[in-house]
Amino acid sequence: MNLAINHFSIRTTDLQATQQFYEQVLSLTVGPRPEFPFPGVWMYSGDHGDIANAVVHVIGIDPSDTAGLANYLGDRNSSTLHGTGCIDHVAFSATGLDVMLKHLAHLDIEVRERTVPSLGLHQVFLDDPNGVVVELNYPASEKLSAAA
């Protein structure tokens, strides 16, 4: 069996803020999404013609009509909808560390940085509006060249 991560989904009571975060922070774009019986958007990295590029599925919760979502994906207690739960974080490979750090500073987004020399990796951690921890992985050489 050959496995690869396809996407991750976020249930949220604030669809607009979540969409805006992934658009503004990670430059993902809203693309095609099937007609599900609940609100939501699929956020793409790249060509909208390939659903494999829909890396984040945002599931909106309509408090006035939860039946469609509950019937399709199951019901969840609203108190569990903040943070990453037992999943610690989601991670993306990236390039352009210096540009991203300036972008995040401009947006007033707090980051936590770590370098893992043995992996040649520089990590940037940030939180989305739902408390989901997002990790951006850059080549450590980008951190070294920015420091020089």
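**Packing of helices 1 and 3 and the two sheets**

In this predicted model, helix 1 (residues 15-26) packs against helix 3 at an angle of about 135 degrees, and their axes are 10 Å apart; axes are lines fitted to C-alpha atoms, for helices over the stretch in contact, and angles between N-to-C directions run from 0 to 180 degrees. The two helices are therefore oblique to each other, a class left over once angles under 35 degrees are taken as roughly parallel, those over 145 as roughly antiparallel and those of 65 to 115 as roughly perpendicular. Q24, V25 and L26 of helix 1 and M100, H103 and L104 of helix 3 make the contact, where contact means heavy atoms within 4.5 Å. By class, this contact of helix 1 with helix 3 has four nonpolar, two polar and no charged residues, with Ala, Val, Leu, Ile, Met, Phe, Trp, Tyr, Cys and Pro counted as nonpolar, Asp, Glu, Lys and Arg as charged, and the others, Gly among them, as polar. Residues are numbered from 1 along each chain as its sequence is written, while side-chain values use heavy atoms, with hydrogens and water left out. Because the model is predicted, local features need pLDDT of at least 70 and side-chain atom pairs count only at pLDDT 80 or more, whereas totals for chains, interfaces and linings use all residues.

Helix 1 also lies across strand 1, strand 2, strand 3 and strand 4, running at about 5 degrees to strand 3; helices (H or I, at least four residues) and strands (E, at least two) are DSSP runs numbered from the N terminus. An open sheet of four strands has the order 1-4-3-2 with mixed pairing, two strands being paired if DSSP finds at least two bridges between them. Its edge strands are strand 1 (8-12) and strand 2 (29-31), each of which pairs on one side only, and neighbouring strands of the sheet are turned against each other by 35 degrees on average, direction ignored. Strand 3 (residues 40-44) and strand 4 (residues 54-60) run antiparallel and are joined by five bridges, and W42 stands opposite H57 in strand 4.

A further open sheet has four strands in the order 5-8-7-6, again with mixed pairing. Strand 5 (90-93) and strand 6 stand at its edges, each with a single partner strand, so one side of each is left without a neighbour in the sheet. In this sheet, neighbouring strands are turned by 25 degrees against each other on average, direction ignored. Strand 7 (residues 121-127) pairs with strand 8 (residues 133-139) in the antiparallel sense over seven bridges, and H122 stands opposite Y138 in strand 8. Helix 3 packs on the sheet, where it touches strand 6, strand 7 and strand 8, and its direction makes about 20 degrees with that of strand 7.

The buried residues of helix 3 (buried meaning under 20% relative accessible area, exposed over 50%, and partly exposed in between, with a 1.4 Å probe and protein chains only) are L97, M100 and L104. Seen down the axis of helix 3, these residues fall within an arc of 65 degrees, so they line one face of the helix; the arc is that of the directions from the helix axis to the C-beta atoms. The face turned away from this buried side carries the exposed residues V99, K102, A105 and H106.

Helix 3 is followed by D108, whose phi is positive, near 60 degrees. I109 is placed in the loop between helix 3 (97-106) and strand 6 (112-116), and at 19% relative accessibility I109 counts as buried. Leaving aside its neighbours within four places in sequence, I109 is in contact with F21, V25, L104 and L126.
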